[in-house]
Amino acid sequence: MDQTAAVWEYTPNGALTQICSIVVRDIQPANDTDRIVNDFVGNSQALGLSNTEPRLVTRTGNAGLLELDYSTGTFEILSCERLHDLADLIMSVYAPGTDQVLSSSALGHLSLTEGGQLVRDWQIGRSSIHWAAPVSGSTFMLTSDDRRVVRLDHEAGICVELRSPHL
């Protein structure tokens with residue numbers, strides 16, 4: 001809620017030590033060159049940790065997708081892009097074993113990026129996609145506020161709705 005990202009280390013003696021911290025509120029997406037989008041309060045759970053590198057992906061104060069490296073003990077901005085137009089960024093997660101990131105908006109838009117560059121995107125209903133759980137390989141299960149359950153294979157680009165709100 002304070003628009004700060006921080007990495008902490010749990011030490012063997014049970015203490016928490018802060019490794020690094022950054023205020024994300026005023027970081028502007030690189031592709032917002034012709035407009036400035038003001039901060040807005042969101043209900044975002046956008047925080048993903050890489051399982052291959054000391055990296056995290058989260059949301060800026062104005063819903064940009066921000067990827068940070070913390071390998072040196074300070075945060076380095078790797079990329080910051082607006083992928084979901086003016087909709088709030090709700091969820092971000094790394095695809096296991098890759099540098100690719102899935103992110104979703106409050107309006108059902110899902111993006112796959114690598115290095116801040118769009119690889120592929122999908123429109124899944126018109127509600128927030130809050131959850132993306134890796135199942136196996138390049139497959140995720142997604143759920144949304146409009147009660148959709150979707151299986152996504154991000155490498156093959158296949159998105160199959162398993163449960164629709166109309167069922």
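Start with C159: in this predicted model the residue is partly exposed, with a relative accessible area of 31%. C159 falls within strand β14, which spans residues 158–163. That strand runs antiparallel to β13, and five bridges join the two. If you want a landmark for the register, take D153, whose bridge partner in β14 is I158. Between β13 and β14 sit four residues, making the pair a hairpin, and G157 in the turn has a positive phi of about 75°.

Now step back to β13 itself, residues 149–153, and look at where its side chains go. They alternate: V150 and L152 point to one face and are buried, while V149, R151 and D153 point to the other and are not. On the β12 side, the pairing is antiparallel again, with five bridges between β13 and β12 (residues 139–144). Here T143 stands opposite V149. These two strands also form a hairpin with four residues between them, and this time R147 is the turn residue with a positive phi, of about 65°.

Jump to the start of the chain for another hairpin. Strands β1 (residues 4–10) and β2 (residues 16–23) pair in the antiparallel sense over seven bridges, with V7 standing opposite C20. Five residues lie between the strands, and G14 in the turn has a positive phi of about 90°. Follow β1 along and you'll come to Y10, which is exposed at a relative accessible area of 62%. Y10 joins W8 and L16 in a nonpolar patch on the surface, and together the three have about 420 Å² of accessible area.

Next comes an open sheet of four strands, ordered β3-β4-β5-β6 with antiparallel pairing. Its edges are β3 (47–49) and β6 (76–81), each of which pairs on one side only. Neighbouring strands here are turned by 15° against each other on average, direction ignored. Inside the sheet, β4 (residues 55–59) and β5 (residues 65–69) are joined by five bridges; R55, for instance, has D69 as its bridge partner in β5.

That leaves the cysteines. How many disulfides does the structure hold? Zero. Take C80, which is buried, with a relative accessible area of 5%. The nearest cysteine sulfur to that of C80 belongs to C20, and it is 17 Å away. A disulfide needs the two sulfurs within 2.5 Å, so C80 is in no disulfide.

Technical notes. Residues are numbered from 1 along each chain as its sequence is written. This is a predicted model: local features need pLDDT of at least 70, side-chain atom pairs count only at pLDDT 80 or more; totals for chains, interfaces and linings use all residues. Side-chain values use heavy atoms; hydrogens and water are left out. Two strands pair if DSSP finds at least two bridges between them. Axes are lines fitted to C-alpha atoms, for helices over the stretch in contact, and angles run from 0 to 180 degrees between N-to-C directions. Buried means under 20% relative accessible area, exposed over 50%, partly exposed in between (1.4 Å probe, protein chains only). Patches are made of residues with over 30% relative accessible area and no salt bridge: like charges are joined within 9 Å, nonpolar side chains (Val, Leu, Ile, Met, Phe, Trp, Tyr) within 5 Å. Accessible areas come from the Shrake-Rupley method with a 1.4 Å probe; for residues, only the protein chains shown count as cover. A salt bridge is a side-chain nitrogen of Lys or Arg within 4 Å of a carboxyl oxygen of Asp or Glu.
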